[in-house]
Amino acid sequence: MYGLEGKRELIDKYMDRTLSTAIKNGVSGTINRNLVSFAADLIKSDYTQDHIDAVLVMHTLTSQESHRTSTLFQIQSSPLCVSRLLDMLSSKSRTDQRTKIRIAEIVAHLASNLRLADISGATESISSMIDPYFKKISTVDTNASILLQIAIGIRNNQQESKYLIIHGLSILAKLAINPDNCKQMYDYKGLFSKIMSPVKNKVYEIPDVYAIEITEKALEVVSMLVSGTDETSGKIRQDICRNGIAVNNIRSILEMEGIMYTKIKVPATKILVELYLDISTRANIANIAAIIHILMNIFFNANNESGLTKTAGTALARLAMNNDNCKTIMDFNKEGQTSVQLLIAMINGADHILYPTNVAQLLMQLCANSNTDAERARLTSVKTILHEVLKVTCNVGQIANVNQAGPPHHNQGQQQAANANQGAPPQHNMGQPAANANQADPPQHNPGQPPLQAQAPVGPQLVGGRIKSLATFLGLGLQICKKLAISAAEFDIALANIPLSMGNFVEKLNDIIEECKGHSVDSLDGKAPSVDYLIIIKTVTNLCEWMMHTKPDCITYFQNKGTRIKLQHALKDMIELELGMLLNGSAGAMENYQTLSTMVAAAGQIMEPNVHQIQHGVAPGPAAPGPAAPGV
């Protein structure tokens, strides 16, 4: 019976309670009764054993994939049930450790959808979960070093206590997806200090599997807390940098050798990038060139764990939004090959590599942020892979790898869409104008914001890695065409190498527009507006305009294939999404912003049946490109 076969007493209790309800209220009163509603009734009881039984039922059902979603929905629909579960986690509760661990695993499933401010005492209860060894180390011999005290504290703790610490930090990481929760966590006295304690005290230097996992989870929480663009995230970034100890310790993690440190390098990398992108804390990241060198070695090492490689690639692309960092990346050399040569070779073998989107993302940023003729000359060889880039864009030999790493970071999607036609990277407090129509890394949704409007899918559905690779490769293709000054003849050669005719290529672009229609909310989770589709449509529009300027003879193809009408329909689909993004975006991010309607109008004007333009082969030129901005 749902995994409760060995719990005869519990099954008997369920049957007895159900029978009693039927006798008291009639059979109709038990029609909708199930194990979850039975557990919800038990947890409202005044008896401790009923609470323990309720947790056992809920944990058993949420541990089974076939019952998890419906069970979590029923639990979350009862605020009293959620509140009671969190009360049982409190240090004041007399609940046994094993039951607390079960509760922690249930709450971990719920956490990304919880709002701490709505649940009295929730922050206190979760904070108490990560107390055990932090409190006990203070009682150890004061002559011992801090690190030794921590090591003794961890080893002396029962296994259940270690699990509670790890689960508590995991719950905090999921809660931190919501910016409101970040503020609650940072404002709660002593909680942030406890989260940072494993980093400040170098717990990761203890040769203990639990010490490493505790550090990993703590860093994951911190990486979420520093990723926002709101005031709280800014304060947290400054707090971390205040005395320099935490920053130096995080940086030292990247230099540690050994496979056991792989997982903690992932969140450590994300934190350092966020601190660098914030102008107010950038000065605390000394010698960024050395960090870039470490990340380059990680990215080009085929033996590294995939999550670390992807994180390094995304970090490098974000750092490459700075022109000086672009030069550092291009100066990298491995076994006689430059970074550009290595990246080109990887794109040429894109069907066989694991991280094509990360490679394309980095190449796109190098093209977008190379500002002088000398810098662009170093990228001339990138022109040779235009056909490979367009091949992926057109879904010819599609690359289906999903190249995302890590949990979603809040507010990234809004920032990314705001720069979809601009040049300023989504750096914290930058306030710099932006200038281009592409993004590299498809943005991640902001679960702290409600969806604007879920629309029924109209065209074929873009799913998984296709969304991510399409947004990135479109961006790279446009950057190659614009920044590396692809000629009409070079573009024709690239199409021939796919091979595709101009008419077929225009049809492929139309297909992409159709695929994006009706998808202003990510159909994979539906939790919040997805900016992926807005980025794709803006990039396609920009590419169409570039093509008509560079190759006026292709205007007829766009006219005959009805591209103008398709773009106008896509604009209607995206208007609410873009409006919501504009309303929630920061003033700096919106500076010089060009709306999709402006872009579609400009491209559509060229596509209008205009005899004078077509006969004379004249098309107004698109705006000069600027650097694109990926998310983490």
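**Aromatic groups**

I started with the cluster: F299, F300 and F332 form one aromatic cluster in this predicted model. I then asked how many aromatic pairs there are by the pairing rule. The count came to 6.

I looked at Y163 and Y210 next. Their ring centres are 6.1 Å apart and the planes meet at 70°, so I noted the pair as edge-to-face. The cut-off I needed here is that planes over 60 degrees apart count as edge-to-face. The two tyrosines tie together distant parts of the chain: Y163 belongs to helix α10 (residues 159-175) and Y210 to helix α13 (residues 209-225), with their positions 47 residues apart in the count.

Buried or exposed, I wondered about Y210? Y210 is buried, at a relative accessible area of 16%, because anything under 20% counts as buried. Y163 has 33% and is therefore partly exposed.

My second pair was F491 and F505. The ring centres lie 5.7 Å apart with planes at 75°, so this pair is edge-to-face too. F491 sits in helix α27 (residues 488-497) and F505 in helix α28 (residues 502-516), 14 residues apart, and the pair again links distant parts of the chain. I checked cover for both rings' residues: F491 is buried at 0% relative accessible area, and F505 is buried at 0% as well.

One more ring caught my eye. R282 has its charged end over the ring of Y276, 4.4 Å from the ring centre.

**Cysteines**

I searched the whole structure for disulfides and found 0. For C367, I asked which cysteine sulfur is nearest. It is that of C326, 9.2 Å away, and C367 is in no disulfide. The cut-off is 2.5 Å between sulfur atoms, so a gap of 9.2 Å rules that pairing out. C367 is buried, with a relative accessible area of 0%. I also looked up C516, which is buried at 1%.

**Helix α15**

Next I went to helix α15 (residues 245-254), and I noted that 7 of its 10 residues are buried, so the helix is mostly covered. The buried ones are A246, V247, N249, I250, R251, I253 and L254. As a reminder to myself, an α-helix has 3.6 residues a turn, so residues three or four places apart point the same way.

What covers the buried residues of α15? The cover includes α12 (191-200), α13, α14 (231-241), α16 (262-277) and α18 (288-299). Helix α13 is familiar by now, as Y210 lies in it.

**Around N333**

I moved on to N333, which is found in strand β1 (residues 333-334). N333 is partly exposed at 43% relative accessibility. A polar atom of the N333 side chain lies 3.1 Å from the backbone nitrogen of G336. I also took the distance to H293: N333 and H293 are 40 residues apart in sequence, and their C-alpha atoms are 9.7 Å apart in space.

**The whole chain**

I closed with the totals. The protein has 34 helices and 2 strands. Of its 632 residues, 58% are buried. Among contacts between residues at least 6 apart in sequence, 77% join residues at least 24 apart. The protein exposes about 25,200 Å², and carbon and sulfur atoms supply 51% of that area.

Notes: Residues numbered from 1 in each chain as written. Predicted model: local features only at pLDDT ≥ 70, side-chain atom pairs only at ≥ 80, totals over all residues. Heavy atoms only, no water. Helix = DSSP H or I, 4+ residues; strand = E, 2+ residues; numbered from the N terminus. Buried < 20%, exposed > 50% of the residue type's maximum accessible area, 1.4 Å probe, protein only. Contact = heavy atoms within 4.5 Å. Areas by Shrake-Rupley, 256 points an atom, 1.4 Å probe, with all protein chains shown as cover. Phe/Tyr/Trp six-rings, centres within 6.5 Å; stacked < 30°, edge-to-face > 60°. Lys NZ or Arg CZ within 6 Å of the ring centre and 35° of its normal. Polar contact = N/O pair within 3.5 Å; in protein donor to acceptor, adjacent residues only side chain to side chain.
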